[in-house]
Amino acid sequence: MTNNTESSTRVWPILSYSDAPEAMAFLTRAFGLERRAAYARADDPQIIEHAEMRWPGGGGFMLGTAGKDDSAFGQRKPGNDAVYVVCDDPDALFAQATAAGAEVVRGPADEDYGSRGFTVRDLEGNIWSFGTYAGE
Amino acid sequence: MTRRTGPRRAGPVERDSQYVTALPAPPLRAFIERYVGYRLTGFAPGVHRGLPSRYLTFIVSIGPPIDVIAQSDPHQAPDSYRCVVSGLQGRSATIGYGAHQEGVQIDVSPLGARVLFGVPSRVLWDASVECSDVVGRQGGELWERLQGAPDWPARFAACDEMLLRWANADAGAHVAPELRQAWHTLVRSGGVTAVGELANELGWSRQHLARRFGEEFGLGPKLAARVLRFDRATTMLRHTPSFTTIAQVAASCGYFDQSHLDRDFLELAGCSPSQLLTEELPSFQDDPAPPG
């Protein structure tokens with residue numbers, strides 16, 4: 001009982017967003033990512049100090065508001081990250097993502113290595129790739 | 001459920017920690033947030049802090065009893081409990097533990113005190129009692145049932161059965177709706193709502209709110225807000241990665257600055273936030289609720 005899928009997530013990309021609350025709402029609408037934790041600054045709910053989102057198929061990432069402090073994490077420029085996510089039904093997810101306003105980089109296509117997937121940008125320019133290829 | 005590492009002192013026996021969470025039966029969910037089963041073996045004996053939180057303490061031990069070495073109220077003598085019930089508290093208690101700790105923690109909202117224990121939360125404020133001293137024979141029966149249950153599902157089922165039997169849903173109505181609202185507002189805001197704001201929301205004067213709140217919960221709304229802010233800050237400290245600084249936790253939880261948070265920790269926990277993190281046992285007090 002001390003181990004399960006969630007606690008075995010050992011790699012967490014960390015993204016930063018200019019408008020983190022809006023980004024989380026978008027990522028939920030567009031990709032079905034689930035918000036698990038969000039710690040906003042008490043006197044300014046727009047500033048997210050730390051938040052976590054989970055991919056229902058396993059895994060997750062962390063995020064915070066860009067420029068929230070002077071640390072190396074706080075000072076990263078938003079919009080430069082790329083994340084690849086394994087999914088079972090890329091066509092359905094593509095429809096959902098574009099309906100939510102994701103900008104298409106590459107529509108659903110079969111790759112010669114046997115994967116089917118697509119690539120879009122979120123509202124702040126980060127690249128999200130989804131595909132059936134689950135890693136070697 | 002999150003796995004946590006234990007204290008650094010390595011014991012001779014292999015250490016193992018299990019935390020299992022479960023939701024109570026639906027009729028109990030209005031005032032019991034969840035059950036947390038814990039089983040820790042192979043740790044060197046030591047002490048841990050029983051911290052103020054947004055729940056009443058309600059723990060049924062399995063095997064060795066719960067050994068309170070120092071009560072949150074220094075005027076109450078140390079004691080051991082098979083099944084401990086304590087109210088909200090403004091200071092931490094010290095709990096001793098041996099190489100084996102096992103039991104079920106039941107996270108009860110103070111709004112559930114009348115339903116489960118037949119008394120307003122105020123009666124339990126800053127005090128610990130043996131469960132059977134509050135609810136009678138059934139408290140002992142709950143303890144006995146858990147000693148015999150073979151696994152976690154059976155233990156949680158026994159809790160459901162016993163608590164459903166003795167819960168008196170009608171008594172819940174005796175918490176005034178304004179006070180329920182006040183408690184919910186404070187919990188939702190993580191203790192950031194100002195007392196004046198809260199009084200306005202209810203259409204009460206600050207004095208009336210303070211008096212009524214104290215009569216129900218045992219502590220005033222201002223101290224309750226501090227406890228809830230502290231509860232949120234400890235959750236955030238435990239659950240966010242180390243690159244989230246204590247200053248960020250302070251900013252997120254409504255402290256003026258980090259030294260304000262440090263002062264509150266000194267009073268409520270008896271130590272600094274960083275000391276709390278280094279010395280703390282595997283935490284089960286506020287792991288995320290089970291999905292669904």
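Two strands count as paired if DSSP finds at least two bridges between them. The views below are drawn from a predicted model.

**View 1. The sheet of chain A.** Four strands of chain A make an open sheet with mixed pairing, in the order E1-E4-E3-E2. Its edges are formed by E1 and by strand E2, residues 34–41, each of which pairs on one side only. From one strand to the next the twist averages 25°. Helix H1 of chain A, residues 20–31, lies across E1, E2, E3 and E4 of that chain. The helix runs at about 35° to E3(A).

**View 2. Strand E4 of chain A and its parallel partner.** Strand E4(A) spans residues 60–65 and is mostly covered, with 5 of its 6 residues buried. Strand E1(A), residues 14–17, pairs with E4(A) in the parallel sense, over 4 bridges. Within this pair, Ile14(A) stands opposite Met62(A). Tyr17(A) has Thr65(A) of E4(A) as its bridge partner.

**View 3. The hairpin of E3 and E4 in chain A.** Strand E3(A), residues 44–54, pairs with E4(A) in the antiparallel sense, again over 4 bridges. Here Ala51(A) stands opposite Leu63(A) of E4(A). The hairpin has 5 residues between its strands, and Gly58(A) takes a positive phi near 120° in it. Strands of a sheet pair through backbone hydrogen bonds, in either the parallel or the antiparallel sense.

**View 4. Pro45 of chain A.** Pro45(A) is located in strand E3 of chain A. Pro45(A) is exposed because its count of other C-beta atoms within 10 Å is 11, and a residue with 12 or fewer is classed as exposed. Ala20(A) is 25 residues from Pro45(A) along the chain, and their C-alpha atoms are separated by 10 Å.

**View 5. The largest nonpolar core.** This core has 100 residues. Those touching the most other members are Ala51(A) and Leu63(A) from chain A, together with Leu56(B), Val85(B), Val108(B) and Cys159(B) from chain B. Helix H9 of chain B, residues 221–239, gives the most to the core, with 8 residues. At least three residues come from each of two domains of chain B, domain 1 (16–172) and domain 2 (174–279). Ala51(A) and Leu63(A), named here as core members, are the residues that stand opposite each other in the pairing of View 3.

**View 6. Surroundings of Val85 in chain B.** Val85(B) is one of the core residues that touch the most other members. With its neighbours within four places in sequence left aside, Val85(B) is in contact with Leu56(B), Thr57(B) and Phe58(B). Its other contacts are Phe117(B), Leu124(B), Val129(B), Cys131(B) and Val134(B). Of these partners, Leu56(B) is itself listed among the core residues touching the most other members.

**View 7. Asp126 of chain B.** Asp126(B) lies in the loop between helix H2 (121–124) and strand E10 (128–130) of chain B. Asp126(B) is buried because 20 other C-beta atoms lie within 10 Å, and a count of 20 or more is what defines a buried residue. Residues up to four places away in sequence not counted, Asp126(B) touches Ser72(B), Asp73(B), Gly87(B), Gln89(B), Gly90(B) and Gly218(B). Phe31(B) is 95 residues from Asp126(B) in sequence, at a C-alpha to C-alpha distance of 20 Å.

**View 8. An antiparallel sheet of chain B.** Four strands form an open sheet with antiparallel pairing, in the order E3-E8-E5-E6. Strands E3 (46–50) and E6 (79–81) of chain B stand at the edges with a single partner strand each, so one side of each has no neighbour in the sheet. The twist from one strand to the next averages 35°. Strands E5 (residues 66–70) and E8 (residues 93–97) of chain B run antiparallel and are joined by 3 bridges. Val68(B) stands opposite Ile95(B) of E8(B).

**View 9. Chain B overall.** Chain B has 12 helices and 10 strands. Its radius of gyration is 19 Å, which agrees with the value near 19 Å for a compact globule of 292 residues. Along the principal axes, the C-alpha atoms fill a box of roughly 55 × 45 × 40 Å. Of the 292 residues, 44% count as buried. Among contacts in chain B with a separation of 6 or more, 71% are between residues 24 or more positions apart.

How values were computed:
Residues are numbered from 1 along each chain as its sequence is written. Chains are lettered from A and ligands numbered from 1 in the order in which they are written. This is a predicted model: local features need pLDDT of at least 70, side-chain atom pairs count only at pLDDT 80 or more; totals for chains, interfaces and linings use all residues. Helices (H or I, at least four residues) and strands (E, at least two) are DSSP runs, numbered from the N terminus. A nonpolar core is a set of buried Ala, Val, Leu, Ile, Met, Phe, Trp, Tyr and Cys residues joined through C-beta atoms within 7 Å. Domain bounds come from an automatic or database domain assignment. Two residues are in contact if their C-beta atoms, placed from the backbone, lie within 7 Å. The radius of gyration is taken over C-alpha atoms; the globule rule is 2.2 Å times the number of residues to the power 0.38. Axes are lines fitted to C-alpha atoms, for helices over the stretch in contact, and angles run from 0 to 180 degrees between N-to-C directions.
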